[in-house]
Amino acid sequence: MTRIKRGYIARRRRTKIRLFASSFRGAHSRLTRTITQQKIRALVSAHRDRDKQKRNFRRLWITRINAVIRERGVSYNYSKFIHDLYKRQLLLNRKILAQIAISNIDCLYMISTEIRKEVDCKEYTRII
């Protein structure tokens with residue numbers, strides 16, 4: 001009986017996986033079974049950490065905005081500022097507000113004082 005030569009499909013699949021794991025250390029880049037395990041683990045970590053990165057950036061932006069706003073106003077903080085923004089129907093997201101807080105602090109102070117004036121005026125007229 002003649003020798004049957006195996007196909008190239010399995011070899012191509014393995015080389016594709018090896019290319020993914022070429023930067024891993026030790027057996028994680030050499031042995032096929034550990035390469036597949038590490039590939040699954042890496043993709044799971046990447047998927048999980050994309051969401052975590054979004055959360056961390058949002059926390060950073062909120063912290064920056066809060067720090068700048070609390071410098072000027074004694075009893076004014078981030079939550080009141082965002083509440084007044086929504087009352088005024090100004091749709092500025094936290095990323096833009098954080099960039100303004102870093103680059104141009106006076107502009108953020110001006111925005112917050114204008115919002116506070118209008119909200120205070122509306123509440124004052126509602127009381128009367």
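Trainee: Which orientation class describes H1 and H2 relative to each other?
Mentor: In this predicted model, local features need pLDDT of at least 70, side-chain atom pairs count only at pLDDT 80 or more, and totals for chains, interfaces and linings use all residues. Residues are numbered from 1 along each chain as its sequence is written, and side-chain values use heavy atoms, leaving out hydrogens and water. The axes (lines fitted to C-alpha atoms over the stretch in contact, with angles from 0 to 180 degrees between N-to-C directions) of helix H1 (residues 9-20) and H2 come within 10 Å and cross at roughly 55°. This angle is not under 35 degrees, over 145 or 65 to 115, and the relation of H1 to H2 is therefore oblique.

Trainee: How many nonpolar, polar and charged residues form the contact of H1 with H2?
Mentor: H1 supplies Arg14, Ile17, Arg18 and Phe20, while H2 supplies Thr32, Ile35, Thr36, Lys39, Ala42 and Leu43, contact being heavy atoms within 4.5 Å. Asp, Glu, Lys and Arg count as charged, Ala, Val, Leu, Ile, Met, Phe, Trp, Tyr, Cys and Pro as nonpolar, and the others as polar. By class, this contact of H1 with H2 has three charged, two polar and five nonpolar residues.

Trainee: Is Thr36 buried, partly exposed or exposed?
Mentor: Thr36 is found in helix H2. Its relative accessible area is 28%, where under 20% is buried and over 50% exposed, with a 1.4 Å probe and protein chains only. Thr36 is therefore classed as partly exposed.

Trainee: Which residues of H4 make the contact with H2?
Mentor: The axes of helix H2 (residues 32-72) and helix H4 (residues 94-103) cross at roughly 45° and come within 9 Å, and the two helices are therefore oblique to each other. From H2, the contact draws on Arg58, Trp61, Ile62, Arg64, Ile65 and Val68. The residues on both sides divide into eight nonpolar, no polar and four charged. On the H4 side, the contact is made by Arg94, Lys95, Leu97, Ala98, Ala101 and Ile102.

Trainee: Which residues does Ala101 touch, not counting those up to four places away in sequence?
Mentor: Ala101 has its place in helix H4 and, at 3% relative accessibility, counts as buried. Its C-alpha atom is separated by 9.3 Å from that of Trp61, 40 residues apart along the chain. Beyond four places in sequence, Ala101 touches Arg64, Val68 and Leu108.

Trainee: Which elements give two or more residues to the largest nonpolar core?
Mentor: The largest nonpolar core (buried Ala, Val, Leu, Ile, Met, Phe, Trp, Tyr and Cys joined through side-chain atoms within 4.5 Å) has 16 residues. Those with the most contacts inside this core are Ile65, Ile69, Phe81, Ile82, Leu85, Leu97 and Leu108. Helices are DSSP runs of H or I, at least four residues, numbered from the N terminus. The elements giving two or more residues to the core are H2, helix H3 (78-88), H4 and helix H5 (105-127).

Trainee: What is the approximate phi of Gln89?
Mentor: Gln89 lies in the loop between H3 and H4 and is exposed, with a relative accessible area of 68%. Most residues other than glycine have a negative phi. Gln89 is not a glycine, yet its phi is positive, at about 65°.
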